[in-house]
Amino acid sequence: MRETEDDHGGDGTGRTVGRRGLLRGLAGLAAASAYSLTVPEEVAAQVTTGDSGDVQSVTSPDGSIEVTVDVSSGVPTYEVAYEGTTYLEPSPIGFTFDGQATFGTGIGSAGPDVTVTGTERTSATETWTPQWGAYDTVSEPYESLRIGLEETTSPGRSANLEVRVFDDGLGFRVVFDDDFGSFTIESETTEFNFAGDYTSWWIENEWVNPRFEQEYTESRLSDIPAGGSTTRPNDNYVRRGAHTPLTVRADDGTYLSVHESNLDDYAKLSLAAKSDTGGHELAAELAPLPDGSSVKATAPHQTPWRTIQVGSTPGELVESQLIPLLADPLDESVFPTTPDGSVDTSWVTPRKYVGVWWLMIAGSANWEYKSDTEVANAGNDPAKYVHGARTERTERYMRFASENAVDSVLVEGWNRGWATYPGDGTGFEMGVTDSYPDFDVQTVTDYGASLPNPVELTIHNETAGNVVTYEDEIQTADVFAGYESEGIRSIKNGYVKDPGLGFDGDGAAASHTHHCQRAVNHHRLVMREAAANRQLLEIHEGIVPTGEIRTYPNVAAREVVKAQEYDGFGELGADVGRDHHVTLPFTRMLAGPTSYQPGIFDVTFGDDDPAQIETTVAKQLAMYPAYLAGLQMAADRIEAYVDETVGVGEFVQAQSARLDGLITADQWRDAYGGHYVPIDPNREPDGATATFTVTDVPSAGTYDLHLRYAADAEQNRQAVSDFGSGEATLVVDGTEQTITPPFTDYWDDWDVYTVSVDLQAGDNTVAVKLGADDVGGFNFDALGVSEAGAGSPVAPAFENVDPSRENYDTVPAFDFVETVPVDWDETRVVDAAIGDYLVVARRSGDEWFLGAMTDETARDVTVSFDFLSARANGWTATEYTDAPGTDVDTDPEEVAISTVSVAAGETRTLSLAAGGGTAMRIRPA
């Protein structure tokens with residue numbers, strides 16, 4: 001999530017000190033600095049037997065990939081060939097140290113020669129049964145080569161180089177022997193010398209804001225930024241380059257992607273050109289610690305696996321499970337146990353959620369709570385200060401979730417301390433009793449548990465990059481245990497501090513980058529503590545995944561990407577390129593599960609601002625099968641999903657109506673849905689309408705319609721003041737009548753206007769219209785229907801509105817969001833061209849879900865259904881696609897839904913609109 005210190009300045013509040021201020025820092029500092037990786041003895045033991053030849057090679061089980069290690073020059077190098085062609089030429093492996101000689105070499109360094117002391121070879125199969133993910137089981141054979149290395153002269157240190165080669169890629173790592181003692185790595189000099197100036201997709205290796213929140217550039221490797229630079233917060237010297245995963249395409253169409261696996265007690269890897277002028281010979285560039293070094297540790301110690309995925313198509317990179325297969329198995333030591341003592345992972349179940357979030361992202365509400373006095377003292381109108389996290393609003397979202405197969409509700413801005421956000425964080429308190437006055441954790445969790453389909457609270461831990469405060473909350477205040485006791489099973493956390501993270505003192509000032517060794521260790525601590533307290537995690541502003549879906553499957557998703565929120569900032573800032581969505585699966589998402597926040601249906605906000613989300617709704621649907629996440633969001637405000645229907649005894653939000661010419665606005669605090677529909681001739685044309693369908697009327701007769709509205713007499717148009725009330729036209733099944741809602745005390749003083757109407761049995765059409773001579777002059781918030789004299793189903797006061805009486809029936813396109821799984825048994829990339837389009841199919845049980853997306857170019861894509869098994873009755877596909885004549889710039893919210901029959905092996909052409917997509921649910925016929 002991108003915020004800067006100027007984004008949420010508010011009304012001038014300053015830093016606050018929480019109740020645990022005097023204890024702040026002690027637990028956090030100890031935890032972050034004391035952690036040390038444990039290397040198993042069988043991994044650390046030096047290899048001293050077997051072939052000690054200077055040149056060793058190892059080939060993948062299918063023979064397609066060959067890795068050659070050559071130590072004949074005294075410097076270990078590796079070389080990678082695929083199908084007989086070399087794509088990585090001999091590349092040194094090495095490190096420079098503070099206070100010790102270099103080991104190996106690279107980037108111009110030199111140290112004592114090394115020699116081979118022995119080798120061990122293994123043929124094995126790595127098998128993994130994921131708790132959740134892209135496959136129900138993963139089993140891949142590999143060939144392993146462990147090479148003992150030892151210096152031929154003083155200081156005579158030794159290490160092991162371990163190489164594992166699978167059919168879809170390889171990994172290698174270095175394990176330092178005890179000889180290294182307590183050491184400081186200044187730099188890792190391992191090189192990645194590509195054989196040509198290949199096409200690459202990259203983002204710059206920024207260690208603090210913007211971090212990974214960038215859009216990818218497609219260029220030759222030599223065009224990646226190069227040369228020296230400095231990075232905040234300590235102006236450390238760094239080499240410019242690219243973050244990993246770095247994906248490349250050789251000129252013959254072979255694809256490779258460089259990343260890492262099992263990042264633990266080490267610094268995050270990036271790649272930088274060896275030459276200050278750029279080129280296709282790259283080397284490791286690690287995130288720096290404050291003193292400019294990279295890693296501080298005690299031997300035995302090991303690097304992460306340096307991974308290289310290889311394939312003949314971009315889809316093979318996506319289908320590869322190389323990175324989690326190289327990661328450590330489940331860390332059983334941190335997970336809770338069942339009464340019989342076995343490890344309990346039954347609670348690690350992926351889920352979908354909605355959230356009180358887009359309101360704030362898109363500028364309709366605030367994270368921080370402020371009292372009326374505080375707002376007024378700053379010279380502002382309290383009624384215009386909207387706090388997003390309110391108990392009543394959350395209960396509405398929970399009711400919606402319960403009725404629409406959504407598992408939990410995220411609430412941001414619920415807890416005290418947001419006056420110190422962003423960039424400080426000293427005031428944050430995160431316990432279940434630390435909420436703002438208008439939010440109560442126990443009330444909402446009890447409410448969610450009481451619903452027919454229970455709904456959980458996904459709690460939010462924003463840290464403002466203050467690691468000291470966060471670790472104290474976790475370890476001293478034990479907030480995660482408090483969440484578990486309240487039935488909370490998922491946490492979204494974040495680290496918004498532009499210049500870096502705060503590990504020193506009270507944590508307010510940035511001291512470290514977001515990707516340094518100490519940050520890596522902090523995130524490992526949070527993962528373990530969350531696992532111990534049965535919490536799923538969604539991490540924002542963190543570190544890109546490196547296979548933790550296997551080791552800590554409770555880490556369900558990470559943002560660490562330029563996500564959809566960038567289209568929302570600043571009231572739909574439209575700051576995401578249309579090719580970004582079809583580039584991510586082959587770059588950042590190769591690292592692991594990603595929180596992109598799909599599911600925006602209100603693409604234009606329905607207002608009079610031309611800004612919009614840079615996709616169609618059909619493309620939003622296609623993201624669900626295309627993007628893997630164990631916590632998957634339906635990111636829009638729930639009103640965007642609700643249809644225009646309302647039954648007798650119910651109410652529905654005005655913004656859920658079919659709006660023709662009318663717009664929405666979001667200025668007033670007690671608008672029940674956050675947005676409302678202004679009836680204003682200055683902003684809307686004559687004849688503009690908000691149309692509803694009153695459904696299932698039991699019998700013909702007279703009923704009451706109820707409009708929740710506000711209309712200020714003094715701050716209104718003169719024509720309205722002269723008229724003496726608001727005015728609009730009510731149209732019931734084609735019959736018009738004038739409605740005149742009386743003035744209320746203020747624009748945020750909401751009342752209910754009731755009018756009697758005649759309805760037919762069954763369905764009826766009701767519209768509020770701005771007639772040619774109507775003065776308008778009121779804000780329309782909700783429409784209710786009742787039996788005559790039964791009273792309004794929607795209350796005037798915000799705190800008295802009953803969410804059980806609101807309509808939560810959804811628009812037809814939301815059916816796909818309800819039914820699409822987040823845990824899969826099989827994944828296929830049907831077709832793709834990086835940055836242009838992709839088609840992904842995933843299976844859950846006996847159903848398949850398909851997502852197809854394109855960039856800004858409309859195109860026809862022919863899809864082969866050879867991923868389906870042959871069935872006597874075939875398959876039935878429900879297709880959601882852009883309606884004819886629409887695209888991202890023309891009616892982007894219109895979705896055409898159809899049902900077609902398909903058979904295994906047949907082909908079908910999908911016509912993808914510009915910026916659009918297609919989603920399918922495919923079931924046995």
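**View 1. Phe183 and Phe176, two buried rings.** In this predicted model, Phe183 has 3% relative accessibility, so Phe183 counts as buried. Its partner Phe176 counts as buried too, at 0% relative accessibility. The centres of the rings of Phe176 and Phe183 are 5.4 Å apart and their planes meet at 55°, so this pair is called tilted. Look around the two rings and you will find a cluster: ring pairs link Phe95, Phe97, Phe103, Phe176, Phe180 and Phe183.

**View 2. Tyr470 meets Phe480.** Here the ring centres lie 6.4 Å apart with planes at 70°; planes over 60 degrees apart count as edge-to-face, so the pair of Tyr470 and Phe480 is edge-to-face. Tyr470 belongs to helix α9 (residues 467–475) and Phe480 to helix α10 (residues 479–485), ten residues apart. Tyr470 has 0% relative accessibility and counts as buried, and Phe480, at 0%, counts as buried as well. The whole structure holds 44 aromatic pairs.

**View 3. An open sheet of six strands.** Follow the strands in the order β43-β44-β45-β50-β47-β48, with antiparallel pairing. At the edges you meet β43 (826–833) and β48 (895–902), each pairing on one side only. Neighbouring strands are turned by 15° against each other on average, direction ignored. Seven bridges join β43 to the antiparallel β44 (residues 837–844), and one residue to spot is Ala833, whose bridge partner in β44 is Tyr837. Helix α14 (residues 617–626) packs on the sheet, and its direction makes about 130° with that of β45.

**View 4. Arginines over rings.** The charged end of Arg390 sits over the ring of Phe798, 3.7 Å from its centre. Arg871 lies over the face of Trp875, at 5.4 Å from the ring centre.

Key
Residues numbered from 1 in each chain as written. Predicted model: local features only at pLDDT ≥ 70, side-chain atom pairs only at ≥ 80, totals over all residues. Heavy atoms only, no water. Pairing = 2+ DSSP bridges. Helix = DSSP H or I, 4+ residues; strand = E, 2+ residues; numbered from the N terminus. Axes fitted to C-alpha atoms, helices over the stretch in contact; angles between N-to-C directions. Contact = heavy atoms within 4.5 Å. Phe/Tyr/Trp six-rings, centres within 6.5 Å; stacked < 30°, edge-to-face > 60°. Buried < 20%, exposed > 50% of the residue type's maximum accessible area, 1.4 Å probe, protein only. Lys NZ or Arg CZ within 6 Å of the ring centre and 35° of its normal.
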